Amino acid sequence: MTVESITFIGGGNMARSLIAGLVRQGVPATQIHVAEPVAALREALAADFGVQTHDNAAEAAAQGQTWLLAVKPQVLREVCQSLQALAQAQAPLVVSIAAGITSAQLQRWLGDALPVVRAMPNTPALLGAGVTGLYATPAVDAQQHAQAERVLASAGRTVWIEDEALMDSVTAVSGSGPAYVFLLAEAMEAAGIAQGLPADAARALVVQTLLGASRMLDETGESPAELRRRVTSPNGTTQAAIESFQADGFEALVAKALQAAQQRGRALSAAND
């Protein structure tokens, strides 16, 4: 796997998952640099993957043709501004995984001419089973586009979005999405226990049901609506449950929740402008 030298600014969980994927796919650890202020995280990354670690962001960034910004949105402006002079001199490809931070903001903080890719991975990337929505500014050339694709594909599937305004919807659907599934699992497990199932049995039934249903969505190629129709026998137990969900406005509740997540992404952008 050919990947240009890359610097991670921030060495938290998502950066760690991407680093693990890159190393697993054959990228030499010597091509990966990580800037991380927490000594314990630096030591763990160096020990686990053999990557080059730094406590100084500029020192690490100077080593990379691609910069992957993996710090919290609230501190990203400060970090970028501290790297602005280096960014102008070096002209790296900038890939950001910060929710709600636009390419215009990144270019303003780092330099208007820089190629920027916004990326929104999700937490299953920790297992190599994530999905990442990606948006590239017009300044990103074909080679840089491919570089961003290779880096983010190390943690799972990728989906390119043509309109940056839709990145907040990507965040709402897939970035935050695993938590919705965990909430459903939590509720199903609690309901099963309330009906008398042993806790370990309820857990196993819920986990395998969600896993199996996800595999059917992925592997059959059928729509969710069609798969739901097939498992819903007329006047059966599944129909009773589905009708109860719908009577309480399940679809509207989901739409409202995703809209709240989308709006929060926009608010994060405004708050950090």
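Colleague: How many cavities of 30 Å³ or more does a search of the whole structure find?

Modeller: The general idea comes first. Rolling a probe the size of a water molecule over the atoms shows where empty space is left. In this structure, which is a predicted model, the search finds one cavity of 30 Å³ or more.

Colleague: What is the volume of the largest cavity?

Modeller: Its volume is about 40 Å³.

Colleague: Which residues line the largest cavity?

Modeller: Ser96, Ala98 and Ile101 are part of the lining. So are Arg118, Ala119 and Met120. Met167 and Thr171 complete the list. Two elements, β6 (116-120) and α7 (167-175), give two or more residues each. The most comes from β6, with three residues.

Colleague: How does that lining divide by class?

Modeller: Five residues are nonpolar, two are polar and one is charged.

Colleague: Now the pockets. What is the volume of the second largest pocket?

Modeller: About 890 Å³. It is lined by 37 residues, and those closest to its centre are Ala70, Val71, Lys72, Pro73 and Ile97.

Colleague: Which helices each supply at least two residues of that lining?

Modeller: They are α1 (13-24), α4 (73-90), α7, α8 and α12 (250-271). By class, the lining of this pocket has 21 nonpolar, twelve polar and four charged residues.

Colleague: Next, helix packing. At what angle do α1 and α2 pack?

Modeller: Read the angle together with the axis distance. For α1 and helix α2 (residues 39-49), the angle is about 15 degrees and the axes are 11 Å apart.

Colleague: Why do α1 and α2 count as roughly parallel?

Modeller: The cut-off decides it. Angles under 35 degrees count as roughly parallel. The angle here is about 15 degrees, so α1 and α2 are roughly parallel to each other. The crossing of α1 past α2 is right-handed.

Colleague: Which residues make the contact of α1 with α2?

Modeller: From α1, they are Arg16, Ile19, Ala20 and Val23. From α2, they are Ala44, Leu45, Asp48 and Phe49. Six of these contact residues are nonpolar, none is polar and two are charged.

Colleague: What are the angle and axis distance for α4 and α5?

Modeller: α4 packs on helix α5 (residues 103-110) at about 55 degrees, and the axes are 7 Å apart. That angle makes α4 oblique to α5. The α4 side of the contact has Leu76, Arg77, Cys80, Gln81, Leu83, Gln84, Ala87 and Gln88. The α5 side has Leu106, Arg108, Trp109 and Leu110. In this contact, seven residues are nonpolar, three are polar and two are charged.

Colleague: One more pair. At roughly what angle do the axes of α8 and α9 cross?

Modeller: The axes of helix α8 (residues 177-194) and helix α9 (residues 199-220) cross at roughly 140 degrees. They come within 9 Å. This crossing is right-handed.

Colleague: Which residues meet between α8 and α9?

Modeller: α8 brings Val181, Leu184, Ala185, Met188, Glu189 and Ile193. They meet Ala199, Ala202, Arg203, Val206 and Leu210 in α9. The class split of the contact of α8 with α9 is nine nonpolar, no polar and two charged residues.

Key
Residues numbered from 1 in each chain as written. Predicted model: local features only at pLDDT ≥ 70, side-chain atom pairs only at ≥ 80, totals over all residues. Heavy atoms only, no water. 1 Å grid on protein atoms, 1.4 Å probe; cavity = no way out; pocket = protein on both sides within 12 Å on 5 of 7 lines; lining within 4 Å. Points joined across faces, edges and corners; volume = space filled by probe spheres on them. Helix = DSSP H or I, 4+ residues; strand = E, 2+ residues; numbered from the N terminus. Nonpolar A, V, L, I, M, F, W, Y, C, P; charged D, E, K, R; others polar. Axes fitted to C-alpha atoms, helices over the stretch in contact; angles between N-to-C directions. Left-handed = near helix turned anticlockwise from the far one by under 90°. Contact = heavy atoms within 4.5 Å. Parallel < 35°, antiparallel > 145°, perpendicular 65-115°, else oblique.
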